[in-house]
Amino acid sequence: MGWLWAIIVGFVLGLIAKAIIPGKQHSPIWLTTICGILGAIVGNAIARAAGVEATSGIDWWRHLFQLVAAIVIVALGDMAYMATLGRNKERT
């Protein structure tokens, strides 16, 4: 069940990050999901380092760290995608 939740959370974080980033992103949904999963992992690590990994109630700080990390990783992933594979797709 852990992997299923990771995929669901990564998908949702990736879509939210894509919606927040200005402009059009060209990366496919599978890459957005992977970047969202990585954002959740990095955000959890930052929250753990900041000492706010687990709090009573909803972990707003952890979720904020996850979202910010997902935004950065989705933006970098989209730039990398366009620099490598995306350039070929624009010509066709």
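A residue counts as partly exposed when its relative accessible area falls between the 20% below which residues are buried and the 50% above which they are exposed. Alanine 50 fits that middle class, because its relative accessible area is 49%. This alanine sits in helix 2, and its C-alpha atom lies 9.4 Å from that of arginine 62, a residue twelve positions away in sequence.

With that term in hand, the overall picture comes next. The model is a predicted one, and its mean pLDDT is 88, with 91% of the residues reaching 70 or more. Confidence varies from element to element: helix 2 has the highest mean pLDDT, at 93, while helix 3 has the lowest, at 86. The protein holds three helices and zero strands, so read from the N terminus the elements simply go α-α-α. Helix 1 covers residues 2-20, helix 2 covers 29-50, and helix 3 covers 60-91. Along its principal axes, the C-alpha trace spans about 50 × 25 × 20 Å. Of the 92 residues, 32% are buried. As for how the chain meets itself, residues 24 or more positions apart account for 61% of the contacts with a separation of 6 or more.

How do the helices come together? Helix 1 and helix 2 pack with their axes 7 Å apart, at an angle of about 105°. Since angles from 65 to 115 degrees belong to that class, the two helices are roughly perpendicular to each other. On the helix 1 side, the contact is made by Ala6, Ile7, Val9, Gly10, Phe11, Leu13, Gly14, Leu15 and Lys18, and on the helix 2 side by Ile29, Thr32, Thr33, Gly36, Ile37 and Ala40.

Isoleucine 29 gives a closer view of this contact. It belongs to helix 2, and beyond its neighbours within four places in sequence it is in contact with Phe11 and Leu15. Isoleucine 29 still counts as partly exposed, because its relative accessibility is 44%. Tryptophan 3 is 26 residues from isoleucine 29 in sequence, and their C-alpha atoms are 17 Å apart. Another residue of helix 1 is valine 12, which is partly exposed because its relative accessible area is 40%. Valine 12 and valine 68 are 56 residues apart along the chain, and 13 Å separates their C-alpha atoms.

Then there is the interior. The largest nonpolar core is made of eleven residues: Leu13, Ala17, Ile21, Leu31, Cys35, Ala40, Ala70, Ile73, Val74, Tyr81 and Met82. Each of the three helices supplies at least two residues of this core, and helix 3 gives the most, with five. Two core members, Leu13 and Ala40, also turn up in the contact between helix 1 and helix 2. Leucine 31, another core member, is in contact with Gly77 and Tyr81 once its neighbours within four places in sequence are set aside.

Glutamine 66 is worth a look too. This residue is found in helix 3 and is buried, because its relative accessible area is 6%, under the 20% limit. Which residues does glutamine 66 contact, leaving aside its neighbours within four places in sequence? The list is Leu13, Gly39, Ala40, Gly43 and Asn44, and two of these names, Leu13 and Ala40, also appear in the largest nonpolar core. Glutamine 66 and alanine 47 are 19 residues apart in sequence, with their C-alpha atoms 8.4 Å apart in space.

Helix 3 also carries some aromatic company. The structure holds one aromatic pair, formed by tryptophan 61 and phenylalanine 65, whose ring centres are 6.3 Å apart with 40° between the planes, a tilted arrangement. The two residues are separated by about one helical turn, because they are four residues apart in helix 3. Their exposure falls into two classes: tryptophan 61 counts as exposed because its relative accessibility is 54%, whereas phenylalanine 65 is partly exposed because its relative accessible area is 23%.

Notes:
Residues are numbered from 1 along each chain as its sequence is written. This is a predicted model: local features need pLDDT of at least 70, side-chain atom pairs count only at pLDDT 80 or more; totals for chains, interfaces and linings use all residues. Side-chain values use heavy atoms; hydrogens and water are left out. Buried means under 20% relative accessible area, exposed over 50%, partly exposed in between (1.4 Å probe, protein chains only). Rings of Phe, Tyr and Trp (its six-membered ring) pair if their centres lie within 6.5 Å; planes under 30 degrees apart count as stacked, over 60 as edge-to-face and the rest as tilted. A nonpolar core is a set of buried Ala, Val, Leu, Ile, Met, Phe, Trp, Tyr and Cys residues joined through side-chain atoms within 4.5 Å. Contact means heavy atoms within 4.5 Å. pLDDT is the predictor's confidence in each residue, from 0 to 100. Axes are lines fitted to C-alpha atoms, for helices over the stretch in contact, and angles run from 0 to 180 degrees between N-to-C directions. Angles under 35 degrees count as roughly parallel, over 145 as roughly antiparallel, 65 to 115 as roughly perpendicular and the rest as oblique.
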